Amino acid sequence: MKLETLFARFGGRCVYCGKEVTIASGTPKPHSATCDHFIPRARGGHEGRSNKVLACYACNQAKGNMDPRLVLFVWLWLNPDSFNAAIRKFDSINATGTTRH
C-alpha cells in the first residue's frame, strides 16, 4: 500500500499519537510518515491493507515489534476507568465516520 493512500485513509495523522505527519524523502524525521504493520509481522500480523496504518517515524520506532493488543490490555488493566473513556471515543469516531483524533 502506498504511503499516500495511508495518508489519505488516516487523515494525515499518526494513529498512535494523533500528530500530523509529513511525507518526505531522505532521512526520516520524528514527524515523517511511515507505514506500520499494526500487528507486527514478527507477531503473526499479515501483509494485507487492514493491518497497515499510518504512523509517525518516532512512534513507529518506539513501537518496534510490540503487539498493540498487549499494550492496550495492560493499559486497560492499569487504568480501568479509562476503558469507558476509550469506548466513548470509539463511539464518537464511528458516529462521524472519521478516523481523525
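# Strand pairing, core and loops in a predicted chain

H37 lies in strand β1, where helices (DSSP runs of H or I with at least four residues) and strands (runs of E with at least two) are numbered from the N terminus. The model is predicted, with pLDDT of at least 70 required for local features and 80 or more for side-chain atom pairs, while totals for chains, interfaces and linings use all residues. Residues are numbered from 1 along each chain as its sequence is written, and side-chain values use heavy atoms, leaving out hydrogens and water.

The chain contains four helices and two strands, which follow one another along the sequence as α-β-β-α-α-α. Its mean pLDDT, the predictor's confidence in each residue on a scale from 0 to 100, is 84, and 82% of the residues score at least 70. Among the elements, β1 has the highest mean value, at 96, and helix α4 (residues 80-96) the lowest, at 70.

Of the 101 residues in the chain, 28% are buried, that is, under 20% relative accessible area, with over 50% counted as exposed and values in between as partly exposed (1.4 Å probe, protein chains only). Contacts are pairs with heavy atoms within 4.5 Å; among those in the chain with a separation of 6 or more, 54% join residues 24 or more positions apart.

The two strands, β1 and β2, run antiparallel and are joined by five bridges, pairing being assigned where DSSP finds at least two bridges. Within this arrangement T34 has A55 of β2 as its bridge partner, whereas the C-alpha atoms of H37 and A55, which are 18 residues apart in sequence, are separated by 9.5 Å. Beyond residues up to four places away in sequence, H37 touches H46, E47, N51, K52 and K63.

Strand β2 is largely enclosed by the rest of the structure, because five of its five residues are buried. Its two faces are both covered, with buried K52, L54 and C56 on one side and buried V53 and A55 on the other. In a regular strand the side chains alternate between the two faces of the sheet.

The largest nonpolar core consists of ten residues, L6, F10, C14, V21, A33, V53, L54, A55, C56 and C59, and β2 (residues 52-56) gives the most to it, with four residues. Such a core is a set of buried Ala, Val, Leu, Ile, Met, Phe, Trp, Tyr and Cys residues joined through side-chain atoms within 4.5 Å. Setting aside residues up to four places away in sequence, the core member V21 touches F7, G12, R13, C14, H31, S32, A33, L54, A55 and C56.

R13, one of the residues that V21 touches, is found in the loop between α1 (3-9) and β1 (33-37), and counts as buried because its relative accessibility is 17%. D67 occupies the loop between α2 (57-63) and α3 (68-78); its relative accessibility is 15%, so D67 is also classed as buried. Apart from neighbours within four places in sequence, D67 is in contact with I39, P40 and R43.

The table lists side-chain polar contacts, which are pairs of N or O atoms within 3.5 Å; within protein one atom must be able to donate a hydrogen and the other to accept it, and residues adjacent in sequence count only if both atoms are side-chain atoms.

| Side chains | Distance |
|---|---|
| R13 and E20 | 3.4 Å |
| H37 and E47 | 3.2 Å |
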